[in-house]
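This report covers the ligand site of the model and then its nonpolar cores.

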Amino acid sequence: MKHYLDRFEALLGLTPIKPITLDVQGEPRTIHLKLEGYNLTGSIKARTAYGLVRGLVRDGRIRPGVRLLESTSGNLGVALASMARFLDIGFTAVLDPMSTAEVRSRLTDLGATIVMVDEVDEAGGYLLSRLAKVQEMLRADDGYVWVDQYNSPENPDIHRRMTGPEILDQLPAAPDALFAAVSTGGTFAGISQCFRERALATRMVAVDVNGSVAYGGQPGRRYLSGIGASRPSSFLKAGLIDHYAYVDVGEAAHYCRTVLKETGIHLGASSGAVVAACVRYLGEHPDVQDALCICADGGEKYESTVYSDSWMTSIGALPRQA
Ligand SMILES: Cc1ncc(COP(=O)(O)O)c(C=O)c1O
């Protein structure tokens, strides 16, 4: 098992950082994008899945015949399904209607079992319904091992040990500000811990969507997968955050489309939100020069959402022209 884990780790990461130019209050500004769509399994969650599963193997929780179980909005599911294949164990993903058809068919192709929940929870999302389903399945069958991305310390830790140092190795100097989307908060918290441990002055900006309660706030209906949460993150601590930005669907879609049109780079929805928050922050903080956006995945899976006018109209959020 260890050999396979080492092999998986060797294939992870080293995703490119690309500079792009965007208009910020009438001025062209350079923004660096770390493109995690180029990661193994197509998203930053390949790193998270690796960290989580490695912890379970280390703790002796992966025995022959067990099945991994996780509540996931998509990307972590795809990454876990790939790892489960690699390690020759089963994987069941608990999904909700916000996951795209593309993700569902990818999971099925990878041999995962899908369990759907369709009840909106009291916080306006599906996370609480998904977690209730996980608990029900764990009670009914002791062959399941819950990966638990929302609480496992391995989630932020892999970003502290891998993603953060990788960013710093790739850039000539630490950026003035770093922007990352928040769902479990693991990616942001881990990178921020790495930067704080090295006493870097980088301003750490967490990016969330309206309606998320990942870090306080009022619960509301959310439409984007991958960003936001129906319950508070266990990883986001005040000392790790310099600024917390909220973005709406229209802004996220606008920047997905603008970046595609102006640079040919196809970003996922949460990355559009991150770029939107970055442009706003640069406009409000003229002293910030070097900005880095963590772009968690690419745009292929979002053709039927943020890149679709009819979807935008259906949720009452017409995008501005890119
Ligand atoms: C597309 C996308 N962006 C951002 C995130 C946020 O990552 P985290 O759960 O580490 O906060 C996720 C997590 O699922 C994601 O899939």
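## Polar contacts to the ligand

In this predicted model, a polar side-chain atom of T187 is 2.6 Å from an oxygen atom of the ligand. K45 also reaches a ligand oxygen through its side chain, with a polar atom at 3.0 Å. G185 makes its approach through the backbone instead: an N or O atom of its main chain lies 2.8 Å from an oxygen atom of the ligand.

On its own, the ligand has 390 Å² of accessible area, and the protein covers 97% of this.

## The shell around the ligand

How many residues surround the ligand? The shell holds 14 residues, and the closest are K45, S183, T184, T187 and S270. By residue class, the shell consists of eight polar, four nonpolar and two charged residues.

## The nonpolar cores

Nonpolar side chains tend to be buried together in soluble globular proteins. Here the largest nonpolar core has 45 residues, and the members that touch the most others are L33 and F179. Which helix gives the most residues to this core? Helix α9, spanning residues 269-284, does so with 10 residues.

Leaving aside residues up to four places away in sequence, F179 touches V205, V207, V274, A277, C278, Y281, A291, L292, C293 and I294. Another core lies apart from the largest one and has 36 residues, including I44, A189, F195 and F235.

Technical notes:
Residues numbered from 1 in each chain as written. Predicted model: local features only at pLDDT ≥ 70, side-chain atom pairs only at ≥ 80, totals over all residues. Heavy atoms only, no water. Core = buried A, V, L, I, M, F, W, Y, C linked by side-chain atoms within 4.5 Å. Buried < 20%, exposed > 50% of the residue type's maximum accessible area, 1.4 Å probe, protein only. Helix = DSSP H or I, 4+ residues; strand = E, 2+ residues; numbered from the N terminus. Contact = heavy atoms within 4.5 Å. Near = heavy atom within 4 Å. Polar contact = N/O pair within 3.5 Å; in protein donor to acceptor, adjacent residues only side chain to side chain. Areas by Shrake-Rupley, 256 points an atom, 1.4 Å probe, with all protein chains shown as cover. Nonpolar A, V, L, I, M, F, W, Y, C, P; charged D, E, K, R; others polar.
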